[in-house]
Every structure is written in structure tokens, then in C-alpha cells.
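This briefing is for a reader who has not met this structure before. Please look over the sequence and the model below, then read on by topic.

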Amino acid sequence: MKRRVFLATAPAAAVGSTFLSSALFSHVRAQNKDSDDSSALTIGSTSALSGPLGSFGLNMKLGADAAVKQINAKGGVHGRPLRFEVADDAYVPARSVENAKKLIANNNVVALMGCLGTANNAAITPMVETAGIPHLAPLTGASSLRKGEYQSVFHLRASYTDEINRLVQSLVAMGIRDLVMIYLDNPYGKEIAQDAMRALELANVKANAMVPLAVDGSNMQKAISDALAAKPSAVLLGTAGAATTGLVAGLKKASPMMAIAGVSAAFTQDGLKSLGASVQGIAITHVYPDALQAKHLIVRDYQLAMRAMNQSEFTTGSLEGYISTRLMAEAMQRAGRNVTRERVKQALASIRNYDMGGFTVNYGSTNAHVGSKFVGLGIMSSDGKLKT
């Protein structure tokens with residue numbers, strides 16, 4: 001990452017509220033109304049399809065649905081179609097628990113996939129372990145959830161610890177040491193803040209300030225004022241969803257040339273659109289290949305699947321959903337014709353150095369079932385594309 005590019009940020013643009021695409025909502029409704037098939041292999045999920053992180057859940061589901069359609073068009077798995085059912089929890093852990101209970105109790109649900117949120121996954125993981133149902137690719141990078149005793153959970157993305165370490169190392173290497181971190185005031189943000197403190201300590205750097213931001217953004221102006229009062233050379237983001245959009249807009253309005261860097265979960269696609277050209281120069285980590293770069297086979301397959309659903313917008317979130325579903329289908333294929341929860345779990349655990357076409361998954365490197373530790377770093381251009 002080049003220092004001059006990172007610091008060459010553009011003035012802020014006027015930013016309105018973040019709205020989710022009505023077309024995306026329509027797609028979700030249409031998919032959820034699909035007719036039942038008693039022979040289908042059903043994958044379940046509890047995720048935010050509404051609320052502050054709704055854009056994440058909707059994009060993940062869009063990519064998963066694209067993969068399901070593509071796989072079913074080729075005959076499904078062992079001649080059986082796949083189905084993907086998502087229950088909306090609006091990013092509320094208590095709702096995640098209720099949704100997970102129903103999914104686990106439904107014997108037709110062979111596995112869980114893509115359940116979203118750090119606190120949400122912390123709430124449902126004990127239930128997942130007790131039931132022995134496999135849960136692939138939870139949408140969280142929290143290291144606290146990557147424990148050896150969790151043998152039913154199979155993480156796919158690198159951890160937030162890995163992402164923060166990459167960010168801090170890059171910033172310090174550029175000579176940027178006056179750092180302020182703004183983190184979401186919930187388990188997700190607090191864990192990232194702790195990761196950042198450890199990374200800074202290892203780099204022999206002390207943060208100028210650590211500033212909490214309410215999930216609903218209710219203390220937005222105070223957070224911005226507190227951060228800027230610490231006179232940072234750069235702001236680290238441990239935020240996510242709609243709160244990030246308003247935060248970055250406020251920072252850019254108060255200090256147009258402020259350098260900003262965040263983890264992969266910081267921005268939603270809708271948020272980037274809303275911020276417009278002001279995203280130029282923002283550094284962001286990424287834990288999957290670039291959804292716009294068709295140099296990798298897995299990305300080309302993903303883009304074909306999206307186009308088959310009349311979707312021409314390619315995003316990291318939908319790519320994550322697509323890759324997760326493809327990996328789930330591979331595990332079900334390996335499980336044999338009598339697909340059960342236990343056999344799928346055993347199949348996932350057996351995956352070693354599996355090249356999906358530019359993205360490699362290996363569940364043999366750690367006891368905690370972490371499939372990838374890949375972390376890339378790029379800089380946003382004025383058109384909202386990530387330049388790596």
C-alpha cells in the first residue's frame with residue numbers, strides 16, 4: 001500500500017441515509033416463496049436481512065442463491081437439489097437464537113451457513129455444538145469464536161486479528177504512527193479494538209485515542225469530535241454497517257483529507273455507493289479474491305452465476321455467499337449419497353488444500369477449523385472499486 005495514494009483522499013460528498021436495494025428485497029422474497037421439494041438438501045441460516053447490517057445479509061444471500069441455481073442447473077448434489085433458507089434476525093442476538101432453534105429442530109436442514117454477527121454467533125454456537133449440526137462460513141472474523149472445542153463450526157474467512165495486524169503493520173511501515181481507532185460499541189467492535197491494541201503494542205505504537213461508536217450511531221458527533229481532538233494522522237475503523245457510512249461522511253466533512261483504514265466488514269456495498277467519490281483513498285482489507293477481477297476461475301464462475309440471475313453488480317458480500325455455497329456443495333458431495341449432518345461435518349473436516357479456482361481452503365492447518373488466513377489490502381478509488 002503506497003502512502004501517497006492512501007493519503008490522497010478526496011473531499012467529502014453529501015451523504016444521505018443508506019437504503020437497501022428494493023430489487024434485492026424482491027429477490028429475497030421471491031426466493032423464499034420457492035416451492036418445497038421433499039428431496040432437497042436444505043441449508044439454513046439466521047442472518048440480518050434488515051437492520052444496520054441488512055446489506056451484508058442480503059448480499060450474502062444473493063451470492064448463495066446464485067450458487068444454488070448454478071449447482072441445481074447441473075443436477076444438484078447426488079441428483080438432489082439444494083435449497084438455502086434464511087431467517088431474518090435483524091442483527092439481534094436474541095432473534096438469532098430463536099431462529100437457530102427452529103432451524104436445528106428441523107430435520108430437513110442438513111447444515112447451517114453464513115450466520116452473521118459476532119454477538120449473534122457467540123449466542124448460537126453452543127446450540128450448534130450441542131446439536132452437532134455443521135455451520136460453515138459464519139460471517140464473523142472474531143478470534144474468540146475460533147476455539148478448538150468448537151468442532152461443528154467451520155470458519156472460511158481470515159480472522160479480524162489477521163486483518164488488523166495487516167492494517168497496523170502497513171500503516172506503521174509507511175511512517176504513520178498517530179493513530180486513532182473508532183470501534184463499534186458491541187462485542188464485534190470491542191474485540192477488534194483489543195486486536196488493534198495488541199497489534200499497536202507489537203509495533204511499539206500507542207493509539208492517540210480509542211473511541212466507541214454506538215451501533216445506532218446515536219453518539220456519532222461526539223465520536224467524531226473525540227477522534228479528531230486526538231489529532232490523528234489516520235483513523236482505524238472497527239465499525240460495520242450503516243454506522244460506518246455516517247461516521248466516514250462526518251469525518252470527511254470535518255477533515256476532508258483525513259486518512260482512513262478499515263477491516264473488510266467495515267463497509268457495506270450500499271454504504272460505499274452512498275459515500276460516492278469520498279471513498280477515494282480509504283484503505284480496506286479483503287479476505288476473498290476481488291469480485292470484479294475475473295482472473296480467477298472461482299470469480300469467473302461467480303460472475304456467470306450472477307448474470308444467470310440477471311445480476312450485473314459484483315460485490316465481495318455476494319462472492320462470499322457464492323464461495324461458501326460452492327464449498328458446502330463439495331462437502332455434501334464428499335459425504336456420499338446418504339447426506340446427514342454428521343457426514344457433512346466429517347467431509348468438511350477432511351478438506352485439505354482444496355483449490356476452488358484461485359481461493360484455497362484447508363481445514364487441516366489448525367484444530368479450530370479455519371479454512372483460510374488470506375488477507376489482502378487495497379485502496380478505494382473514486383468509483384468505489386478496490387485497487388489492490
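Which residues of helix H13 are buried? In this predicted model, they are Arg341, Val344, Lys345, Ala347 and Leu348, within a helix that covers residues 341-349. The points below start with that helix, then take up the two sheets, the aromatic pairs and some single residues.

**Helix H13**

- The buried residues of H13 span an arc of only 160° around the axis, so they are on the same side of the helix.
- Among the elements that cover the buried residues of H13 are two helices, H4 (93-105) and H12.
- Strands also take part in this cover, including S3 (109-113), S4 (135-136) and S5 (153-154).

**The five-stranded sheet**

- One open sheet has five strands in the order S2-S1-S3-S4-S5, and its pairing is parallel.
- Its edge strands are S2 (82-88) and S5, each of which pairs on one side only.
- Strands S4 and S5 are joined in the parallel sense over two bridges.
- Leu136 has Phe154, in S5, as its bridge partner.

**The seven-stranded sheet**

- A second open sheet is built from seven strands in the order S7-S6-S8-S9-S10-S13-S14, with mixed pairing.
- At its edges are S7 (209-213) and S14 (386-387), and each pairs on one side only.
- Strand S6 (residues 179-184) pairs with S7 in the parallel sense, over five bridges.
- Across this pairing, Val180 stands opposite Ala209 of S7.
- Which side chains of S7 are buried? Ala209, Val211 and Leu213 point to one face and are buried, while Met210 and Pro212 point to the other face and are not.
- Such alternation between the two faces of the sheet is what a regular strand shows.
- Strands S8 (residues 234-238) and S9 (residues 259-262) pair in the parallel sense over four bridges.
- Leu237 has Gly262 of S9 opposite it.

**Aromatic rings**

- How many aromatic pairs are there? The count comes to five.
- One of these pairs is Tyr160 with Tyr188, which is edge-to-face, with 5.3 Å from centre to centre and 80° between the planes.
- Tyr160 belongs to helix H6 (residues 160-173) and Tyr188 to helix H7 (residues 187-202), so their pair ties together parts that are 28 residues apart in sequence.
- Tyr160 and Tyr188 are both buried.
- Tyr302 and Phe314 make another edge-to-face pair, at 5.7 Å centre to centre and with 65° between the planes.
- Tyr302 is in helix H11 (residues 297-308), whereas Phe314 is in the loop between H11 and helix H12 (316-334), so this pair ties together parts 12 residues apart in sequence.
- Tyr302 is buried, as is Phe314.
- Ring pairs also link Tyr302 and Phe314 with Tyr322, forming a cluster.
- Apart from ring pairs, Arg334 lies over the face of Tyr354, at 5.3 Å from the ring centre.

**Asp162**

- Asp162 is part of helix H6.
- The side chains of Asp162 and Lys373 are joined by a polar contact of 3.2 Å.
- Which residues does Asp162 contact, leaving aside its neighbours within four places in sequence? They are Lys373 and Val375.

**Met60**

- Met60 is located in helix H3 (residues 54-73).
- Is Met60 buried or exposed? It counts as buried, because its relative accessibility is 3%.
- Not counting residues up to four places away in sequence, Met60 touches Ser45, Ser47, Phe84, Gly114, Leu139, Gly317, Ser318 and Gly321.
- Met60 and Thr315 are 255 residues apart along the chain, and their C-alpha atoms are separated by 9.3 Å.

**Ile298**

- Ile298 is found in helix H11.
- Ile298 has 0% relative accessibility and therefore counts as buried.
- Leaving aside neighbours within four places in sequence, Ile298 is in contact with Pro289, Tyr322, Ile323, Arg326, Met356 and Gly357.
- The C-alpha atoms of Ile298 and Phe359 are 7.3 Å apart, while 61 residues separate the two along the chain.

Technical notes:
Residues are numbered from 1 along each chain as its sequence is written. This is a predicted model: local features need pLDDT of at least 70, side-chain atom pairs count only at pLDDT 80 or more; totals for chains, interfaces and linings use all residues. Side-chain values use heavy atoms; hydrogens and water are left out. Rings of Phe, Tyr and Trp (its six-membered ring) pair if their centres lie within 6.5 Å; planes under 30 degrees apart count as stacked, over 60 as edge-to-face and the rest as tilted. Buried means under 20% relative accessible area, exposed over 50%, partly exposed in between (1.4 Å probe, protein chains only). A charge sits over a ring if NZ of Lys or CZ of Arg is within 6 Å of the ring centre and within 35 degrees of the ring normal. A polar contact is a pair of N or O atoms within 3.5 Å; within protein, one must be able to donate a hydrogen and the other to accept it, and residues adjacent in sequence count only if both atoms are side-chain atoms. Contact means heavy atoms within 4.5 Å. The arc is that of the directions from the helix axis to the C-beta atoms. Two strands pair if DSSP finds at least two bridges between them.
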